[in-house]
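Hi,

Here is the structure I promised to pass on. My notes come right after it.

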Amino acid sequence: MRIGVRNSKTGRSLFACFGLALFVTSDPTLGQAPDLPPPATRKVDYERDIKPIFARSCYRCHGAEKQKGGLALHNRDRALTGGDGGPAIEPGKSAESRLILLVAGVDDEGSMPPEGAGKPLSEAEVGLLRAWVDQGVNWPEDKEGARRVTHSHWSFQTPKPTVPPSVRQTDWTRNPIDQFILAKLEKEGLHPSGEADRPTLIRRLYLDLIGLPPTPAEVDAFVSDARPDAYESLVDRLLASPHYGERWGRRWLDRARYSDTNGYEKDRERSIWPYRDWVIQALNHDMPFNQFTIEQIAGDLLPNPSISQQIATGFHRNTMVNEEGGIDVEEFRFASLVDRVATTGTVWLGLTIQCAQCHTHKYDPITQREYYQLFAFLNNADEPELKIPTSRIAAKRAEIEAKIASLESERESQFPVPQSKDNWVALHPVQASSAQGAALTTLPDDSILVSGQSPDADTYTVVVETKGSDIEALRLEALTDPSLPSTGPGRTPHGNFVLTGFQVAASAKNHEDSPIPLQFHTPVADFSQVGFDVQAAIDNDPHSGWAIDDGSGHLSKNRSATFTLAKKPPTSEAVRLVFKLEQLYGSKHVLGHFRLSAKYRPGHAPAPALPLEVRRQQHLESQLADWVSRTPAFHWTPVRPAKIHSKKHATLEVQNDLSILASGDKPNNDVYEVDIPTTLKNVTGIRLEVLPDASLPDNGPGRAPLFSVGDFILTDISVSATPAGADAKPKAVPIQSASEDYSEPNHPAALAIDGQPDTGWTVRGKTGQPHAAVFAFKESVGSDGPMTLRVTLRQEGIHQMTIGRFRISVTNDPGPIRASGAPEDVESILVKAADTRTRAETARLKDYFLGITPELAKHNEKIEALRKSLPDFPTSLVMQERSREHARTTFIHKRGEFLKPTEEVSADVPAVLPPLPSDASKNRLTFARWLVDEGNPLVGRVIMNQFWQAFFGRGLVATVEDFGTRGEAPTHPELLDWLAVEFPRQGWSMKAMHRLMVTSSTYRQDSHVSEELLARDPKNLLLARGPRFRVEAEVVRDIALSVSGLLTPKIGGPSVFPPQPDGVTTLAYGQTPWTVSNGPDRYRRGLYTHIKRTAPYAAFATLDAPTPETTCVRRERSNTPLQALTILNDLVFVEASRALARRVLTEAPATLDERIAYAVRLCLSRQPRPEESALLREFHDRQLARFQSKALSSTKVTGIDARNAGATKDISELAAWTTVARALLNLDETITKE
Amino acid sequence: MSFRDHKSPEGRPTSPLHVQTRRHFFRECGVGVGKMALASLLANSQLRAATVNPLAPRAPHFTPRAKNVIYLFMAGAPSQLDLFDHKPTLQKYDGKPVPADVVKDQRYAFIRPDASLMASRFRFSRYGSSGAELSEMLPGLSEVVDDIAIIKSMHTDQFNHAPAQIFVNTGSSLPGRPSMGSWVTYGLGSEASDLPGFVVLSSAAGVSGGSANWGSGFLPTAYQGVPFRSKGDPILNVTNPEGVDRGLQRDSLDLIRSLNEKHLHDVGDPEIETRIASYELAYRMQTSAPELMDLSGESRKTLELYGAEPGKASFANNCLLARRLVERGVRFINLYHEGWDHHSDVAGGLKLSCGQTDRAAAALIKDLKQRGLLDETLVVWGGEFGRTPMVESNANLGRSLGRDHHPQAFTMWLAGGGIKPGFMMGETDELGFHVTKDPVHVHDLQATILHLLGLDHTRLTYKFQGRDFRLTDVHGNLIHSILA
């Protein structure tokens, strides 16, 4: 992409141009009719007139065998489709057809055929072509021709079953492989090498099949195994080893570009190790290669895919993810698709398909169109994280969840019982009656609930008996109750009452006949209605009294009035009090629920009459009632959206509960538009709930994958209303205020209506829970009937902080509308009258209250801590096909550029390869099956070649990644074909093919090479000798750990962090520290080492491990001083040499020669030769003398502090052996498959 | 063909340091290779040359102007508008929204397209006989302004850090292609007998593109950049394990060599010869690397010139190390200095970053010049893209008075081998938004760097996956006017 360059030669200020339309100079040639020969005037026949011209002048580059520029002219469909540059023929419009302009030589960009490439067309011929185009491109139907793209290149021909050639030296061949190899050797006049000796063979097999060296005991057993099939038995044992899957798994991981981080700048850690485990297990179980392929490419599309089959799709999730701030996420998704196409092409087809991203392949028969048709197969998947419900974690979770449930069930019994501090004691009524026949019921908490008849005016009489002498005051509590109108406390429809008279008479018990009226000081109420002061209750005026309407519309509150005694009641052991509560105001202004209490002189309160549990319940009920009365609640109606739109193509789907769940593309920022039709009139506000969901990071409610995981930012919200009706126009609905149940400190919902585009509402700190924000309108809207509200949710932050799941509700409750702070279901219960709540609803209220009440804060903290300790299930990155309605469209991209989509294409396979089954749906699963169909001429050859390379160091086709026309020719084409045919015949068994290769005489040859043979065949193309190569990076490490006894043989699990020098990871962005694993994880096999893309593990990078950015089917093998420094000095190898020394001194007999022999056998699997022993002995003795003389420090070399040398009897000897071990680990032979 | 066949730009023969051959490589390995192996080595054909030393010096395509490159990579993207590209018009329109038709549909990382313009807070003056305009933030550079060439018309395709850095270094925005240093050492080999041919140094924070910036991609691993630590051991594992002294190390290597030679005799695989040689070279690196890092031999004046302090990790120390690496024949040196990503407080950020780098970068030019090395060393200074004329502010992210990423125009400078000193090229519009004269694309810069080293960017190719790849993909035009 080049930017346009602005010419400022005129010197005119840009500012002079502000606001002016760009002045475009038009091309004077544009629109003019080109100078073309006239069309022929007769009826043109394709076979007679046109095809000969095409055949003569065009097919060479645009026929069945070659399609330069993507254009083929041998078939109608393909010709009309055009090439990379678009259509070449416009039927009926010859003067506008590119084909005509080019053959007539009047096109700006050249003429056809190009000079030297064929005979130019005569004017008459151009005229014929013009006529043919103008007459509608008459072309007899030729269905076969559409597929008929042929290519003479060998790899596109179906491999033929070949008969292994006969050979002269028949006693050498063990299986057909040998016949092919030997036949060629004989032809070249060469002889195969003899069989390698048994120690060499067993080490070779161990390193090739399991990637670990054999122990001396294993070598001995093999050497002395006299059975004729000793070798084959050994092969079978190794193929059955669980380490086989690790060895071959690492090779496959090269293809999969496995990494533990996302790549690019942030390069954060990802969890995809379950995919690595899947590979290891699939190989260990010898999963047939066709199934192995199908599960990795399309496991999610198999019927009822298992967890394992979904994990397998991680293959194509190993692509990078750019998480840098301010990127276009889609741009890098496109890049990952490009990588997936390239990887699929390299690994299964051995083709450089990626070359056709920008233009039709220059060398191989793949057009640009076909490239994007392949792209389309892979372009329709979402990329979620899969939770893997392992039984171990599930059990642990169940255990903790049981604890949580138990603690939750205890909450009610843990509710505190209040200690009366002010000596107030509820008076237990012995008698309560209504003058007008209402029913007065005493409740367990000594309160009295009024029900039944509802007279306009009434007088209640309540009799209590109590200790009399120490009473200082009496109190009347007017209480709410769910059964009352508006929940009380009074019985008017709005819950008010008027206490017009409060009289109490006292008498000593058993002297009820002489009551004495009590006198009070000025009474005090916690609240009195204006004009209805509590004083009026004792003024003897039946028209005035105490009432509690505070004008808020919410009378539903507990109120109390206290009456202090002017004079103590008569002294007596027990006193009988008769209360008369006059409520003569009328209009049902009578109490519905109340309680009477007495305050005693300190220290003189009688013991509470009620049991502890009853008082606990009373306290809980009263606290709950208090909370209920304090919590604002509104009637919210969730609305089913009529239309939802994500500006950045996130998939938004309405759930059953009317919430909207986002999935699919996860853009850096987004704008959602939600249209909600409502019939509710006079809407006063909306509520935006943001909800958790298991599909979201940390359960949401946001989609942010990093930094503030699970959060979102709502930077702006706006609402417009469109009345129903054909030509109604939307009108903005101004928002008055915003409130929320929770926000990150300093990030309230008010920031979403502040007009600032970069501030907004976030919920960091409480993700994983539902939250709600309420936006109250300035004025209600929709007085005239149905309308549609459009809610626009701008989430214009960075780092993908968009909302994952949300729901919108409307209300027409009168203001001020605000967030209740309670969950949606609780709020919907709160707005119900208490007497209409179901038992379950009442229970839910209580349950919720128990979870939030400060009275149980400590208890609830325990529950919260347990919740936080719930272990997460491991996750893995997987593919998930998108539903039909959200299917992505694939386009051809001009010059392969992400921002230049041109023509739409549908999924298909290149015409040079066999077609898809005609009845199959063109999806990823069909594509996967096609890849491993026996008719695919490439896959068998390509995979067999990769296997061959693993054993012999070089493929039969050296360009393992390129079987196209530019690749190298196979050295043994018949052998390759024979293997390719044999593979499916063996049920696609990889182990069977490995067995076949390693049991051949070819493989079993000695790898020694003479000067003559080296000169004759330096690259060992003819295989007159065995393979000899340095092992891969991970195996270099594994050998050192294994021979020293340090290796932890555990298979599978998350990646580990073995030591590496400081400063490796700090070179990359973020300078992530490398926290070294200790314990057994320090010594795991190399394939478990954490792979960070921007800062690869140093020792492996040095030893030619590939970077995981692109697929690798062929590793480099270099031989550099940095490798020497690594094996000499890296801590891993230093520890291995120390451990190897200890091992030798512990396990070998105590003579120096025997120790040397043992050490050599550990490292090389063979006995030392005498001159080698002599060199080692001499070295050992010289170093030992230096350690003994303290010229060298034994403690430093052994890493053992003299104080805790402990069991180490002779530290100088250990030190000397550490240096011997170090030298042995560095031998060329130690790190080489001989 | 070797460097022996070439004259230096001044017409004098190139120094003996630069006329090494493969044979020299082994002869200089000291006690290295045993007689038998050496004999077989020398008797061997061309075939073994490649397997033995992939870094053996190779002939360029044509006479080079420079032998080595020191690339000062200012990672994070310095603001050209506050350092080089003076725009008085921005003063006039400071705080006014940028005209919509200037922005068009350019995408930005963080700002909105209608952000306000922001003038530089720094004073600009003209310096030297070239009269180049520089901001007051670059007092050091102002002293060598007549030795450098400034390109104000750089532009790139990428506007996110990692892809853009990787693009400058490898010609592709996606990681996995060979880096410039890898291409150069692949094309020319190295004349450093006991140090890697391509060295990477980093100061300040980590680099966004990470190791992809110096990876060898599909080229052999031998060509990948070797990150040197600027403190302690420069090369990972160059120091012996604790308790292993030089004598023990020599004894150990002799033992390893003897055993390997015996095995070579038995097996005959020439790869063992290479192994023997690589161990000997490793041993020599163990001497040369600490010697390289030991600044005690540098004069007080030199240390002061750079602002270098022995033992301290800094850009100044890295610049001095770069000179020492060049003296030792290292072909390509990449110095990363991260920290130029000034989304907020661009003025404060530049004070800090320039404070860390300006003096040392200028010192490097002066020092190379006074030692006669500047003629054969190409020095390149620049970031991965430019910064917007518009202000970046974002309350949520706590940003104000910053500048966002800007791929359309940025400034770089080059100096030394083959570069026209005191030269200025390219112009941008009054806002510094678009290039208006002599645009230079990243691929053009890459083509020019290769050219100065005697390599034709269209001919320096490597066949991989069926096609010939090159650093400049299918693009790149030589910047003729900047050549001396």
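**Cysteines first**

In B:C319, the sulfur lies 13 Å from the closest cysteine sulfur, that of B:C354, which is too far for a bond. B:C319 is also buried, at 0% relative accessibility (buried is under 20% relative accessible area, exposed over 50%, partly exposed in between; 1.4 Å probe, protein chains only). A:C1112 is buried too, with a relative accessible area of 10%, and its sulfur sits 17 Å from the closest cysteine sulfur, in A:C355, again too far for a bond. Over all chains there are 0 disulfides (pairs of cysteine sulfur atoms within 2.5 Å).

Before going on: this is a predicted model, where local features need pLDDT of at least 70 and side-chain atom pairs pLDDT 80 or more, while totals for chains, interfaces and linings use all residues. Residues are numbered from 1 along each chain as its sequence is written, chains are lettered from A and ligands numbered from 1 in the order written, and side-chain values use heavy atoms, without hydrogens and water.

Next, A:E689. This residue is in strand 20 (residues 683–690) of chain A (strands are DSSP E runs of at least two residues, numbered from the N terminus), and counts as buried at 4% relative accessibility. Leaving out residues up to four places away in sequence, A:E689 touches, among others, A:H771, A:R805 and A:E824 (heavy atoms within 4.5 Å).

Finally, 5 strands of chain A make an open antiparallel sheet, in the order 4-7-13-9-10 (pairing needs at least two DSSP bridges). Its edge strands are strand 4 (429–434) and strand 10 (516–517).

Cheers
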